[in-house]
Amino acid sequence: MGTEVVVEGLTMSFGTQNIWQDVSLTLPAGEVSVMLGPSGTGKTVFLKSVIGLLKPERGRVLINGVDMVNSPEREIYETRKLFGLMFQDGALFGSMSLFDNVAFPLREHTRKKESEIRRIVMERMDMVGLVGAEQKLPGEISGGMRKRAGLARALVLDPQIILCDEPDSGLDPVRTAYLSQLLIDLNAQIDATMLIVTHNLDIAATVPDNMGMLFRRRLVTFGPREVLLTSDEPVVAQFLSGRREGPIGMSEEKDAATLAREQRTAPAYAPRTPAPQLEPSPGLPPRAAVQRRRERVLGMLPRLPEAARAAILQSYAPAGPIGGTAS
């Protein structure tokens, strides 16, 4: 099972520019979480702070008792081995074959024999559908294949926590749909804790167990997917509907006068019913996270907004979507 990640009061600035402040949330072990937000809200910075590549000025990131912000560098380095990181562009070495790219972490960080490395690499390439392409160079394949190769490389050290930085960037809607299914399938197979940073609404609607959103230098919300997907918070509703009316502007948040003018003329946002979450492909085991999440979410029902409670109860009803096993 994956490892729980606890973020407490995290604040990050670059010089005098505050990126976000007092971010607190918990990534439940083995579940898939998504962090949304408009461009420029510090989503990638948050990802790098979780893994300890950037140092926030305040707060803690606790993983198995190790603080990725304040613990000794040796402990941070060892804990970082629990992570697999998928970069936006795949971050592949252009002069290496896909096989050698995926094998790179094993050759760098382990003393495994080449026969064992080959077995592991081919297993991971099979998981992401790249068997047969292992000798191709990154420049010879599509963007979607490079994404999958980057994901295979993130998996070779058997991570307990997988971070995906905008895995959909540069992909068309069809490839994004395939990638969404792949992420769910991987979670079913390895039960790792997953955090996906994205602004893609298709991934947000169908992949995660939990969702959060960064805006105006703060965490707007984080919790079960139904909380955000049914939210009437103006910035959340605007983002999920893709409309111009709302707090999000072209380059930054709008001023009060602009918001007041829009509120007088804009139609109301229609309530949304969350789409069913993707299930693993046929032949794969059920996701172990589903039952754990069900118990956790039903236990917090009294503290959730009414619309989220209704959506959760409907998803778990025998007549609900996916035969009562939705999550």
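**Exercise 1. The largest pocket**

Task: In this predicted model, find how the residues of the lining of the largest pocket divide into nonpolar, polar and charged, and say which elements contribute to that lining.

Solution.
- Step 1. Sort the lining by residue class: 12 residues are nonpolar, 3 are polar and 3 are charged.
- Step 2. Give the volume, which is about 580 Å³ for the largest pocket.
- Step 3. Look towards the centre. The lining has 18 residues, and Phe 83, Leu 85, Pro 105, His 109 and Leu 157 are the closest to the centre of the pocket.
- Step 4. Assign the lining to secondary structure. Two or more residues come from each of α2 (73-80), β6 (83-86), α3 (98-109) and α5 (143-155).

**Exercise 2. The largest cavity**

Task: State how many cavities of 30 Å³ or more a search of the whole structure finds, and describe the lining of the largest cavity.

Solution.
- Step 1. Count the cavities: the search gives 1 of 30 Å³ or more.
- Step 2. Give the space in the largest cavity, about 40 Å³.
- Step 3. List the lining: Thr 44, Leu 47, Lys 48, Leu 85, Phe 87 and Asp 165.
- Step 4. Find the main contributor. Helix α1 (residues 43-50) gives the most, with 3 residues.
- Step 5. Sort the lining by class: 3 residues are nonpolar, 1 is polar and 2 are charged.

**Exercise 3. The nonpolar cores**

Task: Identify the residues that touch the most other members of the largest nonpolar core, and follow the contacts of Val 121.

Solution.
- Step 1. Take the 50 residues of the largest core; those touching the most other members are Leu 36, Leu 98, Val 121, Leu 151 and Met 213.
- Step 2. Find the source of the largest share: helix α4 (residues 114-127) supplies 6 residues of this core.
- Step 3. Leave aside neighbours within four places in sequence. Val 121 is then in contact with Phe 99, Val 102, Ala 103 and Leu 106.
- Step 4. Turn to another core, which lies apart from the largest one and has 31 residues, including Val 7, Val 50, Ile 161 and Leu 195.

**Exercise 4. Three single residues**

Task: Decide whether Thr 230 is buried or exposed, and whether Val 297 is buried or exposed. Then list what Asn 18 touches.

Solution.
- Step 1. Locate Thr 230 in the loop between α8 (225-229) and α9 (234-241).
- Step 2. Apply the cut-off: Thr 230 has a relative accessible area of 16%, and buried means under 20%, so Thr 230 is buried.
- Step 3. Check the side chain of Thr 230. One of its polar atoms lies 2.6 Å from the backbone oxygen of Glu 226.
- Step 4. Move to Val 297, in helix α11 (residues 289-299). Val 297 is buried because its relative accessible area is 0%.
- Step 5. List the contacts of Val 297, leaving aside neighbours within four places in sequence: Pro 224 and Ile 312. The C-alpha atom of Val 297 is 9.2 Å from that of Gly 223, although the two residues are 74 residues apart along the chain.
- Step 6. Go to Asn 18, in strand β2 (residues 17-27). Not counting residues up to four places away in sequence, Asn 18 touches Thr 11, Met 12, Ser 13 and Arg 217.
- Step 7. Pick out the polar contacts. The side chain of Asn 18 reaches the backbone oxygen of Met 12 at 3.3 Å, and a polar contact of 3.2 Å joins it to the side chain of Ser 13.

**Exercise 5. The whole chain**

Task: State how many helices and strands the chain has, and what percentage of its residues are buried.

Solution.
- Step 1. Count the elements: 12 helices and 10 strands.
- Step 2. Give the buried share, 52% of the 327 residues.

Technical notes: Residues are numbered from 1 along each chain as its sequence is written. This is a predicted model: local features need pLDDT of at least 70, side-chain atom pairs count only at pLDDT 80 or more; totals for chains, interfaces and linings use all residues. Side-chain values use heavy atoms; hydrogens and water are left out. A nonpolar core is a set of buried Ala, Val, Leu, Ile, Met, Phe, Trp, Tyr and Cys residues joined through side-chain atoms within 4.5 Å. Buried means under 20% relative accessible area, exposed over 50%, partly exposed in between (1.4 Å probe, protein chains only). Helices (H or I, at least four residues) and strands (E, at least two) are DSSP runs, numbered from the N terminus. Contact means heavy atoms within 4.5 Å. On a 1 Å grid over the protein atoms alone, a cavity is a set of points where a 1.4 Å probe fits but cannot get out, and a pocket is an open set with protein on both sides within 12 Å along at least five of seven lines; lining residues have an atom within 4 Å of a point. Grid points are joined across faces, edges and corners, and a volume is the space filled by probe spheres set on the points. Ala, Val, Leu, Ile, Met, Phe, Trp, Tyr, Cys and Pro count as nonpolar, Asp, Glu, Lys and Arg as charged, and the others, Gly among them, as polar. A polar contact is a pair of N or O atoms within 3.5 Å; within protein, one must be able to donate a hydrogen and the other to accept it, and residues adjacent in sequence count only if both atoms are side-chain atoms.
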